[in-house]
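Trainee: I am new to this structure and would like to understand the reasoning behind the terms used for it. Could we go through a few of them together?

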Amino acid sequence: MSEQKLSQPIVAANWKMHPGSLPKAQSLFANVKRTASHLQNVTTVICPPALYLGAVASEYGGTKIIFGSQDVSTFARTGSRTGEMSAEMVKNAGGKTAIIGHSERRDMGETNDVVAQKVKRALTADLHVMLCIGEASRDDEGEYLDFLRNQLLAVYRKVADRFYDRIIIAYEPLWAIGGKADQAVTPHTLHQTAGFIRKVLRTDVAQALGDRATLLYGGSVKRDNARELLDGTEIDGFLVGSASLSADHFCDILRIVNKTQNED
Ligand code: PGA
């Protein structure tokens, strides 16, 4: 079982419930692959709808692009669980990672406990995890920070430390998701929040994890704001929703991250 971290920076595409057919998904992937497979300094993650995962994953055999699901079941292995998809199935379909705890799923009733259970299932099946956390809104008293801390600790307290390097945190504030570039966090806010997340890891989970953990940002990431969101904000890449549905836009984001990394 590999405990290795995925190589950073990482740019992940969350296709959500798009596109409407497998040929369209294959064509979108073919257009992304042309660029992503040649970029040396960025790991690209494609998370199509589960129905397309195996077919899309089978179209690439290199190391620069990996594939993931957008969820996994709380249940292990096979069983009488109508509609469920186990982490093991994701792995066997060519997936290497899974988005878990996305706000759109938490909105459908996923609690911190359920998220922690899914994370454990994914890790046990040898997947990496992209654990989404994010506050719905901010308040002057800083209660949203407790909310973020609880979301993190609900998972880390249930997971053995040998798995920590396979958890990627995706900070996705709900108020920033699904908009235009100006709806994203400001670099200043992102820098502060990334610092807070790393502090929680350092003080409440494991000292070394504060610096070592891979932290992505998601929420209205576009080719227009990717550069400023990456510069000096202490994050290691992006989780991209709507902009990942255009190969042109997504590949521009990949190139920006690839280039920024090259300059460091
Ligand atoms: P967005 O979505 O890029 O469209 O804001 C991000 C996400 O929900 O993962």
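Trainee: Why does K16 count as partly exposed?

Mentor: This is a predicted model, and in it K16 has a relative accessibility of 21%. Buried means under 20% and exposed over 50%, with partly exposed in between, so K16, at 21%, counts as partly exposed. K16 lies in the loop between β1 and α1, and its phi is near 50°, a positive value in a residue other than glycine.

Trainee: What makes E234 partly exposed?

Mentor: The relative accessible area of E234 is 45%, and because the partly exposed class lies between 20% and 50%, E234 belongs in that class. E234 is found in the loop between α9 (226-230) and β8 (237-240), and its phi, near 70°, is likewise positive in a residue other than glycine. Most residues other than glycine have a negative phi.

Trainee: How do you know that β5 and β6 pair, and in which sense?

Mentor: Two strands pair if at least two bridges are found between them, and β5 (residues 128-133) and β6 (residues 167-171) share five bridges, in the parallel sense, so they count as paired. For M130, the bridge partner in β6 is I168.

Trainee: What do the strands form as a whole?

Mentor: Eight strands make a closed barrel, running β1-β2-β3-β4-β5-β6-β7-β8 with parallel pairing, and the twist from one strand to the next averages 25°. Helix α7 (residues 187-205) lies across β5, β6 and β7 (214-218), running at about 145° to β6.

Methods. Residues numbered from 1 in each chain as written. Predicted model: local features only at pLDDT ≥ 70, side-chain atom pairs only at ≥ 80, totals over all residues. Heavy atoms only, no water. Helix = DSSP H or I, 4+ residues; strand = E, 2+ residues; numbered from the N terminus. Axes fitted to C-alpha atoms, helices over the stretch in contact; angles between N-to-C directions. Contact = heavy atoms within 4.5 Å. Buried < 20%, exposed > 50% of the residue type's maximum accessible area, 1.4 Å probe, protein only.
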